[in-house]
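User: Hi! I'm new to reading protein structures, and I'd like to understand the reasons behind the labels people use. Could you walk me through this one?

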Amino acid sequence: MDIEKDVTPGENIHQLMADLYPFFRSITGDGVRATLKGVKEHVPLEIHEVPTGTKVFDWEVPKEWNIRDAYIKDPKGEKIVDFRNSNLHVLNYSVPVNRKVSFDELKKHLHYLPDYPDWIPYRTSYFKEDWGFCITYNQYQSLEDGTYEVVIDSTLEPGHLTYGEVFLKGATDDEVLISTHVCHPSLCNDNLSGIGVSTFLIKELQKRKLRYSYRFLFIPATIGSITWLSINRDHAGKIRHGLVATLLGDTGPFHYKKSRRGDAEIDIVVEYVLKRHNPANEILEFFPYGYDERQYCSPGFNLPVGRLTRALYAEFPEYHTSGDNLEFVKPACLEESLNLYLEIVEILEGNNTYLNLNPFCEPQLGRRGLYSLTGGSVQGKDFQLALLWVLSSSDGRHSLLDIARKANIDFSTIKLAAEKLMENDLLGEKNGK
Amino acid sequence: MDIEKDVTPGENIHQLMADLYPFFRSITGDGVRATLKGVKEHVPLEIHEVPTGTKVFDWEVPKEWNIRDAYIKDPKGEKIVDFRNSNLHVLNYSVPVNRKVSFDELKKHLHYLPDYPDWIPYRTSYFKEDWGFCITYNQYQSLEDGTYEVVIDSTLEPGHLTYGEVFLKGATDDEVLISTHVCHPSLCNDNLSGIGVSTFLIKELQKRKLRYSYRFLFIPATIGSITWLSINRDHAGKIRHGLVATLLGDTGPFHYKKSRRGDAEIDIVVEYVLKRHNPANEILEFFPYGYDERQYCSPGFNLPVGRLTRALYAEFPEYHTSGDNLEFVKPACLEESLNLYLEIVEILEGNNTYLNLNPFCEPQLGRRGLYSLTGGSVQGKDFQLALLWVLSSSDGRHSLLDIARKANIDFSTIKLAAEKLMENDLLGEKNGK
Amino acid sequence: MDIEKDVTPGENIHQLMADLYPFFRSITGDGVRATLKGVKEHVPLEIHEVPTGTKVFDWEVPKEWNIRDAYIKDPKGEKIVDFRNSNLHVLNYSVPVNRKVSFDELKKHLHYLPDYPDWIPYRTSYFKEDWGFCITYNQYQSLEDGTYEVVIDSTLEPGHLTYGEVFLKGATDDEVLISTHVCHPSLCNDNLSGIGVSTFLIKELQKRKLRYSYRFLFIPATIGSITWLSINRDHAGKIRHGLVATLLGDTGPFHYKKSRRGDAEIDIVVEYVLKRHNPANEILEFFPYGYDERQYCSPGFNLPVGRLTRALYAEFPEYHTSGDNLEFVKPACLEESLNLYLEIVEILEGNNTYLNLNPFCEPQLGRRGLYSLTGGSVQGKDFQLALLWVLSSSDGRHSLLDIARKANIDFSTIKLAAEKLMENDLLGEKNGK
C-alpha cells in the first residue's frame with residue numbers, strides 16, 4: 001500500500017478506509033483478520049485471538065462465523081442478489097442455507113427500507129440463529145412470484161474472537177485508551193472512520209515524546225470490549241483517560257458523550273476543545289446505551305472514558321445502510337476529526353498542575369524580561385495576562401486547563417506562560433510527574 | 001354514616017366534609033371532639049385529651065372554650081344575628097357576655113368585609129380576652145341606631161386540649177407523618193379538606209402492605225403540633241418523611257413548600273411528582289410562617305416535613321370567610337389531591353437504593369429473556385432503557401427516584417425494571433431494609 | 001485647613017482633594033510626603049519611611065525621585081511647556097536633562113493623545129531610565145521645526161519610600177483593611193478620590209464603638225503594598241476583611257471585584273449592598289491584574305480583600321489624562337461612595353451568627369410583647385417576619401446577613417429582630433466574640 005507523500009492526511013485516512021471497505025467484517029471471522037492486517041501495514045498492531053467459549057464476565061466468546069458465498073437466484077435461474085456485489089446483502093451471522101423456497105417463504109427472510117428505496121440495510125442476528133438477505137426496496141418491489149434458490153455458504157463453528165491492540169509507551173504507566181470497533185462490514189462512518197482516524201492518530205503519536213502511554217483497541221463492538229476488560233481486569237485501573245472513537249467522517253458538528261463520572265479530566269478537556277472550536281458542537285451527559293463506552297463505564301469499572309463522534313448513533317439516515325459509503329465520508333472531515341483528537345492529546349499531555357514558587361506578592365517580571373515578550377506567534381497581551389493568571393492560580397489546586405478556562409485564554413498560551421515561568425524558576429511542578 | 005359504594009372517592013370525601021361542616025370547632029372544646037368522633041367512624045382514631053395548664057415547651061395548654069348560644073337582638077327585639085345560622089358569627093374564643101349595648105359600643109365588636117359584602121369573616125381571639133360578632137358588610141350597613149341585646153353563652157374554663165391520632169404499623173419503625181389541623185369552624189378548604197383527604201388516605205393505606213409506618217395527626221393548629229411534639233419529643237426522630245395536609249379542595253394547581261432542610265427525600269419526591277403532573281404546580285423554598293410545618297421544622301427538631309396544598313395560605317379571597325364553603329371545594333379536586341398523596345406514598349415506599357450484582361460490564365440480558373419484554377402495559381423502549389439505567393446507576397449511591405430523574409423515565413417503569421432485575425439476581429438491596 | 005460645618009460630607013471630601021491636587025506625587029518623594037501631611041491634618045496618620053534598597057520579597061525599594069523644575073523652551077526661547085502649570089507635563093520618574101535638542105529628537109520624548117486633543121496624558125517610566133514630556137495633541141500640532149531647550153531638574157537618588165497608616169483599635173484584634181494608593185499626581189478619580197473617601201471614612205469610624213480594628217493604608221501602588229506586606233508578613237493573617245478603595249468620584253455605577261477567594265464574607269457583604277442599592281452595580285470575579293488587590297490576593301497571602309470602585313480601571317476616557325480633574329469628580333458621588341463604605345462597615349460589624357435558645361417549636365412571642373412592635377421606624381410586617389426568620393435560621397450556621405438574604409428582608413431589620421430576641425433571652429451569641 002503506497003501512500004503518496006503529497007496527499008493530505010484526510011485523503012490518507014480515506015484511502016485506508018477504501019482499502020478496508022470490501023472486507024466482510026463481523027464480530028468474529030476472517031473479515032476482522034483481514035482488516036487488522038490492513039491496519040498493521042501502517043502501525044505496530046498486536047493481534048489477539050480468544051477461543052470460542054472463553055468466559056468473559058457474564059458472557060462467553062461466541063462461535064466464529066465465516067462466509068464464502070451467498071446469493072439468490074430468481075425463478076428464471078438468474079443470480080439477482082450476490083454478496084460479492086455488497087457484503088451488506090447477507091444478514092450478518094446467517095446460518096448456512098442451500099435450498100429452493102417459495103416467494104412467500106423468501107419474503108420472511110428479506111430486509112429492505114421502504115423510506116430509502118435505493119439503500120440496502122445492514123442487519124445482524126448474532127444471538128438468534130437465523131438466515132436472511134438485505135436488498136433495496138426498489139429491488140424488492142421488482143420481485144415476482146415463483147421458486148427462488150437461496151444459498152448462504154457460511155460456517156458458525158468453534159474458532160476465535162480476534163482483536164488488535166497498539167501500545168505506545170510514554171514516560172509514565174498511566175494510560176490513555178482509544179477504542180474503536182471493527183465489526184461492521186462495508187460501512188464507512190460506522191466505523192471505518194474510527195479505524196482510519198485511530199490508525200493515523202497512532203502514526204502522529206509515534207512522532208512525539210509522550211507523557212502518557214497510549215493504548216489503542218481495534219475490537220468487535222460489545223463482546224470485544226467485554227473480552228478485553230475481562231482479560232485485562234486488573235490492568236484497567238491504569239486507564240486515566242479514554243475515548244471511544246467512531247462516526248468521524250460525516251460533515252456534521254461533533255458530539256461528546258461524557259464518561260459516567262461526568263467530571264473526569266477527559267470530560268473537561270473535550271468540552272473545552274469542542275466549545276472553542278464550534279459553538280454548534282454538543283456535549284451530552286452519560287447514558288447507558290450506545291457503543292463500547294457502555295462497558296468501560298459499567299459501574300464496576302467506571303473508567304473515565306467518553307465518546308467523541310461527529311454524528312450521533314442511529315440519528316442520521318445513512319446509519320446502518322449502504323448509504324454510509326465512501327462518498328458519505330469526507331477527507332476534510334476525517335482530517336478535522338484527527339486534528340481534534342490530536343488537540344485533545346496535546347492538552348492531556350500538557351495539563352499539569354504547578355506551584356507558584358514566589359507566592360508572596362507578584363514577582364518582578366520586568367527584571368526577567370517577561371514584560372518584553374510581545375512578538376512572534378503569541379499575541380502579546382494575552383501572554384502578559386497568562387503570566388499573571390498562571391502565577392495567581394498555581395496553588396496546587398488548579399491545572400493549566402483550569403486556568404485557561406478561568407482566564408478565557410487559549411490553553412497553548414497558558415502553557416507557554418507556564419514554560420517561561422519555569423525557565424525563570426518562578427513555577428515548579430506540583431509532583432514528580 | 002352510610003357511604004354509597006358507587007360514588008367516587010372525591011364525593012365520599014366531600015360527604016364527610018359536609019357531615020363535619022356544622023360543628024363549632026376551635027382550638028379546644030366539644031366541636032373538636034365531635035369532629036374527631038366523625039372521623040373515627042371511618043378510621044381507627046385514638047383520641048387524646050391534654051389538661052389545661054400542661055407545659056408544652058414555651059407554651060401551656062389553654063383553658064377549654066365551649067359555647068352554647070350566641071345572638072344579637074336589635075332595638076325591636078328581633079334576633080338579627082344567630083350563631084345557629086353560621087358558627088362564623090361569633091368571634092372564636094369570645095368570653096361570655098349578656099347585656100344591652102348602644103350601637104356605638106356594639107360597632108367596636110363587629111367584624112365585616114367591605115370588599116366582600118356577602119361574606120362573613122372568620123375571626124379569633126385566642127390570646128386576648130375579648131368578645132365579638134362577625135357579620136356580612138351588607139347586614140352591617142342595614143343596622144340602625146338604638147340599644148342592642150348581645151348574648152354569648154360561652155365558657156372558658158380549665159379542661160382539655162383534644163387531638164386525634166391514627167397509627168398504621170408498617171414493616172419498619174420509620175414513620176411518615178401526615179398532619180392536618182382541626183380547629184377551624186365551618187370552613188372547607190381551610191381545613192375540612194385536609195381532614196377529609198387524610199381520612200380517605202388512611203382508608204387506602206389500610207388496604208396495603210406498607211414498608212413505612214404511618215402516623216396521622218388531627219390537631220388544633222400551632223398549639224396542637226406544639227403539644228404533640230412536647231409529648232413525643234423523643235419519638236420525633238423516627239419521622240423520616242412528613243407532610244402538612246391542608247387546602248386540598250380548590251381548583252387551583254398544587255403548591256409544595258419544602259421542609260427547612262430543603263433537600264430531604266420528601267422534598268425531592270414531591271417536586272418530582274408535582275412537576276410531572278402539571279408544570280403549573282409550584283415548589284416553594286421553606287419560610288418560617290404558615291401552618292404546623294413551622295413547629296415540625298423549628299431548628300431544634302428540623303424534621304423533614306413539607307407542606308402540600310393546592311391554594312396558598314391567605315392568598316385566595318375566600319380564605320377565612322364564609323365563602324370557603326362546601327361549594328368552594330370540588331369533589332374532583334379533593335380526589336385529585338388524594339391521588340397525588342397516594343402517588344407520593346407509592347414513591348416513598350418504593351424508593352430503595354440497590355446494588356448491581358454484576359457490575360463489571362453489562363450482563364447478557366437477552367439470555368434471561370429481558371430483551372423480549374415489550375408488550376403489556378409497559379412501553380417497550382422505556383422499559384429496555386430502564387433496565388440499562390438501573391444497572392448503570394445502582395452503585396449504592398442512587399435511589400430509584402434518582403435514576404428515574406436522571407433517565408427521565410417514569411418512576412413506575414424504573415421500579416418495574418428493578419424488580420425484574422432482582423428476579424434475575426442481577427440487582428440486590430443495598431441494606432436489609 | 002478649616003472645613004465649614006454646614007457643607008456636605010461630599011463637599012468636604014472634594015475640598016480635601018482640591019487641597020492635595022497640586023502636589024507632584026510619584027511612588028516616592030516629597031509629593032507623597034506633602035500628601036500624607038495633608039491627610040494627617042484630618043486623621044491620626046502614622047508616616048513610615050522605608051530606605052531605598054530594602055528587599056521586599058522579589059523586589060527592592062527603588063531610589064527616591066524628586067523634581068524641582070521642568071520646561072521646554074521653543075526655538076524663540078519661549079517657555080511653551082512648564083511643569084508648574086500641570087505636573088502631568090513631565091514623564092513621571094524622568095531622569096535629569098538640560099540641553100538643546102532638534103525637533104526630531106524632541107519628538108521621540110513627547111507623549112500626546114490624538115483621540116483627545118485637549119488632554120495631557122499621564123505617563124511613567126519607573127523601571128526604565130528615560131525622560132519625556134506629556135502635552136496636548138493640539139499643542140503638539142502647533143510645534144515647528146528648530147532647536148528646543150529641554151530642562152528637567154530632577155534627582156533619582158537613594159532615599160526612602162514613604163507611606164501612611166491609620167489604625168483604629170476595636171474590641172477585637174481582627175482587622176478590616178482599607179488600602180488606597182497615593183502615587184498619582186494631579187489626577188482626581190484615580191486616586192485623590194480614594195484618599196478623600198478613606199480619610200472621611202476614618203473620621204466617621206472614630207465616632208463609633210467598633211468590633212473590628214481598622215487599618216487604613218495610604219501607599220504607592222504595587223511597590224507600596226508589596227513593601228507593607230513584606231514588613232507585616234506575619235501580621236497579615238489578622239486581616240479578616242479588606243477593600244482596595246479607588247475610583248470613587250465619577251458618576252457611574254459601582255463595580256466590585258471579588259477577592260481571589262470569591263466567597264469571602266467581604267465578597268458576600270459587598271454584593272448584597274451593591275445589588276440592593278442599584279441593579280446596575282456590577283460584581284466581577286477576581287482577575288490577577290488591576291490595583292493593589294493583586295498583591296493582597298497573591299496566592300501566598302490570599303487575603304479576603306476585594307476592590308470597590310465606581311468606574312473600572314482604564315475603562316473611562318479620562319483615565320490617566322488631565323481630563324481626570326476636579327470637575328470630573330462630583331461631591332455627591334464621593335458622598336455616595338463614603339456612605340456605601342459605611343454601610344458595608346455596618347454590616348461587617350453586625351454580621352454575627354447566633355443560636356436560637358428556644359429551638360424546640362416557636363417561642364410564644366405574644367407573651368413577650370413581640371407581636372405589638374409595629375410602630376416607629378421599622379416596618380411592622382417585615383419586623384414580625386424577621387423575628388421568625390432569625391429564630392428559624394439561628395442554628396449556628398447562618399449569619400444575620402445569610403438570614404437577610406434568604407428572607408429578602410433588609411439587614412437592619414434582621415439585626416433589630418436579633419437584638420429584640422436577645423433582650424428576651426431567646427437568642428444567644430454563638431461564641432464569645
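**Where the chains meet**

Analyst: Sure, and keep in mind that this is a predicted model. Let's begin with chain A and chain B: about 1700 Å² is buried between them, and carbon and sulfur atoms give 54% of that area.

User: What makes that a "buried area" between chain A and chain B?

Analyst: Buried area is the accessible area that two parts lose on being put together, summed over both. Chain A and chain B lose about 1700 Å² in that way, so that value is their buried area. The size of an interface is often given like this, as accessible area lost when the parts come together.

User: How many residues does each of chain A and chain B bring to the contact?

Analyst: Chain A brings 18 residues and chain B brings 18 residues.

User: Why is the pair A:R260 and B:D395 called a salt bridge?

Analyst: The rule asks for a side-chain nitrogen of Lys or Arg within 4 Å of a carboxyl oxygen of Asp or Glu. In A:R260 and B:D395 the closest N and O atoms are 2.8 Å apart, which is within the cut-off, so the pair counts. The total between chain A and chain B is four salt bridges. There are also 11 residue pairs in polar contact across this interface, both residues being at pLDDT 80 or more.

User: Which elements of chain A supply at least two residues each to the side that touches chain B?

Analyst: Those are α6 (223-231) and α8 (293-296) of chain A. Sorted by class, that side of chain A has 11 nonpolar, three polar and four charged residues.

User: What does the interface of chain C and chain A look like by the numbers?

Analyst: Here 18 residues of chain C are in contact with 18 residues of chain A. The buried area is about 1600 Å², with 54% from carbon and sulfur atoms. The salt bridge count for this pair of chains is four. One of these joins A:R368 and C:D58, whose closest N and O atoms are 2.7 Å apart; that falls within 4 Å, so it passes the rule. On the chain C side, α6 (223-231) and α8 (293-296) are the elements that give two or more residues.

**Symmetry**

User: How do you know which kind of axis relates chain A and chain B?

Analyst: Look at the superposition: a rotation of 120°, with 0.1 Å of shift along its axis, puts chain A on chain B with an RMSD of 0.1 Å. That is the relation of a three-fold axis. In chain A, the C-alpha of A:D263 is nearest the axis, 13 Å from it.

User: What rotation superposes chain C on chain A?

Analyst: It takes 120°, with 0.1 Å of shift along the axis and an RMSD of 0.1 Å. In chain C, C:D263 has the C-alpha nearest the axis, at 13 Å.

**Inside chain A**

User: What makes a residue of chain A count as "buried", and how many of the 433 residues do?

Analyst: A residue is buried if its relative accessible area is under 20%. In chain A, 60% of the 433 residues are buried.

User: Which helices and strands are there to count in chain A?

Analyst: Chain A has 12 helices and 19 strands. Its C-alpha trace spans about 95 × 40 × 40 Å along the principal axes. Of the contacts in chain A with a separation of 6 or more, 79% join residues 24 or more positions apart.

How values were computed:
Residues numbered from 1 in each chain as written. Chains lettered and ligands numbered in written order. Predicted model: local features only at pLDDT ≥ 70, side-chain atom pairs only at ≥ 80, totals over all residues. Heavy atoms only, no water. Contact = heavy atoms within 4.5 Å. Buried area = accessible area lost by both parts, 1.4 Å probe. Helix = DSSP H or I, 4+ residues; strand = E, 2+ residues; numbered from the N terminus. Least-squares fit on C-alpha atoms with pLDDT ≥ 70 in both. Buried < 20%, exposed > 50% of the residue type's maximum accessible area, 1.4 Å probe, protein only. Polar contact = N/O pair within 3.5 Å; in protein donor to acceptor, adjacent residues only side chain to side chain. Nonpolar A, V, L, I, M, F, W, Y, C, P; charged D, E, K, R; others polar.
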